[in-house]
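Here are my notes on the model, point by point. Please read them with the structure open.

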Amino acid sequence: MKIELKQLQAAFGTTFVYITHDQSEALVLSDHVGVMNRGRFEQPGTPQELYYAPATPFVQASSAPTTGWAASCTALDGEYAEVETPRGWKIRGRRHGSLTVGAGVEAFIRPEATALGRSTAELPPARRYTRVR
């Protein structure tokens, strides 16, 4: 049905307004998405913007599966931040918003953007890291 709707939209060259609670439907069918929370728009944008640059934890959770942890910021390096969880796990990711060393943060990690290693030397060079807020 998703494919059929997308083909109809292309064939008629018209705008569809499609309301769904299914994230995959919203991201696959849409050129533009408005994520709503409690009756208000939390973030409008393209599926790519919502996936790679969510404005809030709610949009992050709505756009794709992630794992999130409470953590503390331990280092800042340009657009990247390093954080440490209470269990001692270190996470390096692209920072979002203003951060200071020692501040509490929420770190969200997407499975496809994860690399694990016993030491920093075992990790690939910095490429595209998950955002840290």
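1. Start with serine 62. This is a predicted model, and in it serine 62 has a relative accessibility of 17%. The cut-off for buried is under 20%, so serine 62 counts as buried.

2. Where does serine 62 lie? It lies in helix 4, which spans residues 57-63. A polar atom of the serine 62 side chain is 2.8 Å from the backbone oxygen of phenylalanine 58. Beyond its neighbours within four places in sequence, serine 62 is in contact with Gln23 and Val35.

3. Val35 also appears in a nonpolar core. That core has five residues, among them Val33, Val35, Leu50 and Val59. It is the second core, separate from the largest one.

4. The largest nonpolar core has nine residues: Ala71, Cys73, Ala81, Val83, Ile91, Leu99, Val105, Ala107 and Ile109. At least two of these residues come from each of strand 3 (67-77), strand 4 (80-84) and strand 6 (104-109). Strand 6 contributes the most, with three residues. In soluble globular proteins, nonpolar side chains tend to be buried together.

5. Now the overall layout. The chain holds four helices and seven strands. Along the sequence they run α-α-β-β-α-α-β-β-β-β-β.

6. Last, the chain-wide totals. Of the 133 residues, 28% are buried. Take the contacts between residues at least 6 apart in sequence: 44% of them join residues at least 24 apart. The exposed area of the chain is about 9,100 Å². Carbon and sulfur atoms supply 55% of that area.

Note on methods. Residues numbered from 1 in each chain as written. Predicted model: local features only at pLDDT ≥ 70, side-chain atom pairs only at ≥ 80, totals over all residues. Heavy atoms only, no water. Core = buried A, V, L, I, M, F, W, Y, C linked by side-chain atoms within 4.5 Å. Buried < 20%, exposed > 50% of the residue type's maximum accessible area, 1.4 Å probe, protein only. Helix = DSSP H or I, 4+ residues; strand = E, 2+ residues; numbered from the N terminus. Polar contact = N/O pair within 3.5 Å; in protein donor to acceptor, adjacent residues only side chain to side chain. Contact = heavy atoms within 4.5 Å. Areas by Shrake-Rupley, 256 points an atom, 1.4 Å probe, with all protein chains shown as cover.
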